[in-house]
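Reader: I have the sequence and the model open side by side, and I would like to talk through them with you. Could you start with how you decide what counts as being next to a ligand?

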Amino acid sequence: MKIISKDEFSNFVDALIKDEKWNVIGVKAKGDKFAFGPLENANELRLDYDVTLLPPKKYFFPQRETLFTYNLADGSSAKNPETKPSVIIGVHPYDIVALFHMDEIFRDTKSDPHYFEKRNSTVIIGVNMQKMSKWNFAPYMGCAIVDYGYDLMLTDLGNRYAISVGSQKGGELLSKYAKNVNSALARDIQLVGQKKREIMNMSQQKFDFSTEMIPELLKETYEESGFWEKHAEKCLACGSCVLVCPTCYCFDVKDNPDLALEQVERIRTWDGCLLEDFAKIASGENFRPTRPTRYRHRYFKKGKYLFDRFGFISCVGCGRCSSNCLPNIANPVELFNDMYHEIHSKGVKVSPAQTPEVNIQTEGNIDYVPRLATIINKTVMTPNETLFEIKMDDGSELGHKPGQFAEISVFGIGEAPISISSPPTKKGSFEICVRKVGNVTNKLHTLKVGDKVGVRGPFGNGFDVDALKGKDLLFVAGGLGIAPLRSLFNYVVDKRKEFGHVVLLYGCKEPRELLFSKEMEELARRPDVEFKATVNWCPDGESWGGNIGVITTLIPQVSFDPDKIYAIVCGPPVMYKYVIADLKARKVPDDHIIVSLERRMKCGVGKCGHCQINQIYVCKDGPVFNYSKIKGVPEAL
Amino acid sequence: MKPKVAFFDFAGCEGDQLQVANLEEDLLTLLGQVEVVSFREIMKEHNEDYDIAFIEGSCTRLQDEDRLKQIRKNAKIVVAIGSCATIGGINALKNYKNLDEVRQIVYGESARLFDTYAARPIDAIIPVDAYVHGCPIDRNEFLQVVKSLLLGKKPEVPNYPVCVECKKNENICAFDRGQFCVGPVTRAGCNSCCINEGTICWGCRGLIDNPNENSQKEILIKYGLTVDDAIGKFKLYFGWQEGKR
Ligand SMILES: Cc1cc2nc3c(=O)[nH]c(=O)nc-3n(C[C@H](O)[C@H](O)[C@H](O)COP(=O)(O)OP(=O)(O)OC[C@H]3O[C@@H](n4cnc5c(N)ncnc54)[C@H](O)[C@@H]3O)c2cc1C
Ligand code: SF4
Ligand code: SF4
Ligand code: SF4
Ligand code: SF4
Ligand code: SF4
Ligand code: FES
């Protein structure tokens, strides 16, 4: 431990500011509150602050960030210019822990280069709390003091600071810019220990139980809809509680063209699960439609889902959510206490949660920049659906598995997740079948053969083709659900000998909405495939020789051995429940039912939070799921 | 071919067209992309051949309806600009009063000659393709909308409240400054500009789709407004949306 006088510390800060190499950021007064901001001189620093309006995450994951810029005419993109390294002075321990939480999120599965570029080039100078906001409960979360995650850590000892050096980077900064730094005497070391103990007793909030029980408590409360409705009744869906949170990481992605309509920025901005449209998709379906369901999601995310994934409760107790919620319903301490008492009064015994086994792996970086590709064929199938054949400009194969999807960019408009509709056995190009419903899909429909699109992916878990080999297969497709299923179905047909009996049931609203009608006609003539189609109704003037009725009316028409058959189901959200019930009634085991799900998506790589159903990310863990794995997941079907 | 653009005004203050006329440099770049055929703020000529019609002001008289329908017929895209056009705006304040009284106040003796009815937004009369909310409109948002239309995209208007932008801008909440704000129920998109300047949100962009009005009113009262004043906060801009017709 080192000691530096306050005057010398000021000189140190001024020296840093003077050296143009650094972006020097510190805590400053803003009205009667505090905020991190660029420092012009050391006098602006207010290390005696209680809490800042926004956490320092804004320097690593800014409110609005350009991911890259591209040329509207040809889609070619430029990298962001490099930014100066930063020194951030005055980070409280809970915010240091929060950054550690963010690191885990942004490095899991694939690493986010935008976040880590800034994170790795930044020096963190922490400070132990001298004041604590009345909402703060960091001591209960084990985040009031910290012995990792900083480069330097200050403790105010009156006329001097004690400095713990946490990294080589920190030590070097100190020896380069600070003068008269001495080794701490035993007395000062003792003082620091005493200060830390005081901090542990500073919180004005009080948990009535051990916070280690939170994940288990939540588990008991999920279905208590009265509980969530009561607590969320006054919720404004204003998102304040998540926007100010140092561990929230959800984002939206948008395209922003310049005025001359030449260059387009693809930006990401903070988003939040409390906002009404967070889980809403273009067809109008909202997977978390009510305030209580969204309100509940936030607590589960912090206290259960991230705990199961990373082994920590993703709340550091900063109290910002509590202080920013106008109806005063976002205070985790109050909510969890109430939950504890409610569960307790029911006589349910809850014990501390077992720390899960955590295995975070990073396979390379996320590429937010799409690869260029060209539309080489366009087949209009219905007034609303068109099949596009696309070829990668670099001549490469997309390299997808059946059931995977890609993020397709339409330049100037944005990106949308679309299933690959062709089987991997088709070489040289791939196909997507797109329904026009919103901005990206509408514009895509206006593109011509020869026009360029961007492609990211393939993403997600596809069908486990090897596990299906030799099995009997029952495909159940509703409407556009045929698009992802076709990638597997056509693969099966191409390698027909490797599979058992194959049935395709396909339904849509009316005959003119039938997709791939030519292929279907050919299928109907094949002796080695059983094919049945249905329409919900047949309006006057259209002709239809097949079944009339919803898709489930076809299921009794086929015979199969429930132990041998694997059912593969994809369709509009309402369809799954009914089809699965009928399959179960026919004794098909749960793990023989495979579904492909749709959710709102932005990043496609498990970061933005949009596609989440409870603890599962559809983009990364799905979109293809074995029913046995998700049947207990309440938000899934 | 550049799309032809025309501006129209109904009952409003023309403050929004002024915002557009004030875009200066940006306007020049923008004008490179469109051809303005009618715009009272900056030109005299008028032309009935246009693709995009920007309409300012609310509809306050039966006679206005025909003119609106004619514009809808001529234009491929109709854009409502400014609160009066998008949500009825401050004009709808008069909907709370007896209309005869309003006529009397505005026109005095000759009141009987003028026929006025509850002020309403443009989409109460004709379908509207895009909205530029605000009183006055935000120039940047106007540019965003024009860019979107030029690219064949439906402009995105947020369905979350002003608090979202306010938090991102790291403002001190009006309630913490002893003031009263309707940002929690007001549609964002202005980048919380008024609060950034140290004032409050008056609600000029109208209500979000599913506002929690009871909670908002309770908060206004909890922080010290009288019930009447809290209701008054809602009257200023939300009249038409609150069903005052
Ligand atoms: C795994 C997966 C596979 C899909 N496969 C297909 C397919 O093969 N063919 C097809 O036509 N459609 C498919 N969809 C749906 C398609 O992604 C949406 O219709 C599309 O995103 C709508 O975008 P938009 O810009 O036209 O609509 P807007 O309403 O303007 O949507 C704006 C943005 O919201 C998000 N969003 C909106 N709706 C959805 C949605 N349903 N799913 C995910 N994100 C959404 C997107 O990021 C979109 O760009 C798939 C969705 C998922 C999740
Ligand atoms: S801050 Fe409060 S009112 Fe706003 S979304 Fe969160 S819980 Fe709801
Ligand atoms: S949930 Fe609230 S207290 Fe916990 S870290 Fe987030 S803002 Fe802070
Ligand atoms: S889903 Fe989680 S990280 Fe995202 S906004 Fe909600 S609470 Fe925050
Ligand atoms: S000032 Fe208004 S808009 Fe901003 S957070 Fe407070 S209530 Fe919301
Ligand atoms: S802050 Fe409120 S009053 Fe100001 S422009 Fe935005 S919506 Fe209108
Ligand atoms: S987490 Fe972003 S789409 Fe799944």
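Author: A residue is taken to be near a molecule or strand if one of its heavy atoms lies within 4 Å of it. Residues are numbered from 1 along each chain as its sequence is written, chains are lettered from A and ligands numbered from 1 in the order in which they are written. The model is predicted, with local features needing pLDDT of at least 70, side-chain atom pairs counting only at pLDDT 80 or more, and totals for chains, interfaces and linings using all residues, while side-chain values use heavy atoms and leave out hydrogens and water.

Reader: Good, so which residues are around ligand 2?

Author: They are Cys235(A), Leu236(A), Ala237(A), Cys238(A), Gly239(A), Ser240(A), Cys241(A), Leu274(A), Cys325(A), Pro327(A), Ile329(A) and Ala330(A).

Reader: And how does the shell around ligand 2 break down by class?

Author: It has ten nonpolar, two polar and no charged residues, where Ala, Val, Leu, Ile, Met, Phe, Trp, Tyr, Cys and Pro count as nonpolar, Asp, Glu, Lys and Arg as charged, and the others, Gly among them, as polar.

Reader: Where does ligand 5 lie?

Author: Ligand 5 lies between chains A and B. Its surroundings include Leu326(A) from one chain and, from the other, residues such as Cys163(B), Cys166(B), Cys173(B) and Cys181(B). Helix α7 (residues 162–168) of chain B gives the largest share of that shell, four residues; helices (H or I, at least four residues) and strands (E, at least two) are DSSP runs, numbered from the N terminus. By class, the shell around ligand 5 has ten nonpolar, one polar and one charged residues.

Reader: How much area do chain A and chain B bury between them?

Author: About 3,400 Å², 54% of it on carbon and sulfur atoms, buried area being the accessible area (1.4 Å probe) that two parts lose on being put together, summed over both. Leu236(A), Leu259(A) and Leu326(A) supply 23% of the area that chain A buries against chain B, more than any other three residues. Leu236(A) is also one of the residues around ligand 2, and Leu326(A) is among those surrounding ligand 5.

Reader: How many salt bridges does the rule find across that interface?

Author: The rule finds three, a salt bridge being a side-chain nitrogen of Lys or Arg within 4 Å of a carboxyl oxygen of Asp or Glu. The side chains of Asp176(B) and Lys33(A) meet in a salt bridge, at 3.5 Å from N to O.

Reader: Changing topic, in what order do the four strands of the open sheet in chain A run?

Author: The order is β5-β4-β13-β12, with antiparallel pairing; two strands pair if DSSP finds at least two bridges between them. The edge strands of chain A are β5 (77–78) and β12 (251–257), each pairing on one side only. Strand β4 (residues 64–71) is joined to strand β13 (residues 263–270) by seven bridges, and Arg64(A) stands opposite Thr269(A) in β13(A).

Reader: Last thing, which peptide bonds are cis?

Author: The bond from Gly622(A) to Pro623(A) is cis, with omega near 5°, and Pro623(A) lies in the loop between α17 (618–621) and β29 (624–626) of chain A. In chain B, the bond from Cys135(B) to Pro136(B) is cis, with omega near 0°, and Pro136(B) lies in the loop between β5 (130–132) and α6 (139–150).
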